[in-house]
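Work through the exercises below with the sequence and the coordinates at hand. Each task is followed by a stepwise solution.

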Amino acid sequence: MTEASSLFSLSFHVGGNLGYAIMSTVVARRTLFHRLRLISHISLLNPAFLDSQSALNEHLEQGMESGLADERALALTDSLVNTQASALAYNDVAWLLAVVSMAAIPFCFLFKKVKLERDPR
């Protein structure tokens, strides 16, 4: 009986690790996808981006040099894009898990009902 328990435990852990690996891969790929989509809106031809960068530069120039403020503003924008891309990627994974869970519900009706035997005591 311990062999069956060990086999069940092994398959449980391998399945969990496989699921984690798949989800982390999906998160990484979707983060890259959303980052590329968000970066496409950051351009010197986009007036909204130019306005936000100039406002951020003005705010940062109060405590540092002008050149450092420009670099810091771009670094903050990059950090914001990364944060938003990660949030969107985790949103995608949540939707994926919801769809997979909903798709698995009909399979529950395919299981056989098990009749429990009463203890004769």
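**Exercise 1.** Determine which residues gather in a patch of negative charge on the surface, and place Glu61.

Solution. Step 1: the patch of negative charge consists of Glu58, Glu61, Asp70 and Glu71. Patch members have over 30% relative accessible area and no salt bridge, and like charges are joined within 9 Å; a salt bridge is a side-chain nitrogen of Lys or Arg within 4 Å of a carboxyl oxygen of Asp or Glu. Step 2: Glu61 sits in the loop between α2 (47-60) and α3 (66-104). Step 3: with 35% relative accessibility, Glu61 is partly exposed (buried is under 20%, exposed over 50%, partly exposed in between, 1.4 Å probe, protein chains only).

The model is predicted: local features need pLDDT of at least 70, side-chain atom pairs count only at pLDDT 80 or more, and totals for chains, interfaces and linings use all residues. Residues are numbered from 1 along each chain as its sequence is written, and side-chain values use heavy atoms, with hydrogens and water left out.

**Exercise 2.** Find the residues of the nonpolar surface patch that includes Leu10.

Solution. Step 1: Leu7, Leu10 and Val14 make this patch, of about 300 Å²; nonpolar side chains are joined within 5 Å. Step 2: Leu10 belongs to helix α1 (a DSSP run of H or I, at least four residues). Step 3: its relative accessible area is 52%, so Leu10 is exposed.

**Exercise 3.** Is Asn17 buried or exposed?

Solution. Step 1: Asn17 is in helix α1 (residues 2-39). Step 2: Asn17 has a relative accessible area of 55%, therefore it is exposed.

Technical notes: Helix = DSSP H or I, 4+ residues; strand = E, 2+ residues; numbered from the N terminus. Areas by Shrake-Rupley, 256 points an atom, 1.4 Å probe, with all protein chains shown as cover. Lys, Arg positive; Asp, Glu negative; His and termini not counted. Charge placed at Lys NZ, Arg CZ, Asp CG, Glu CD.
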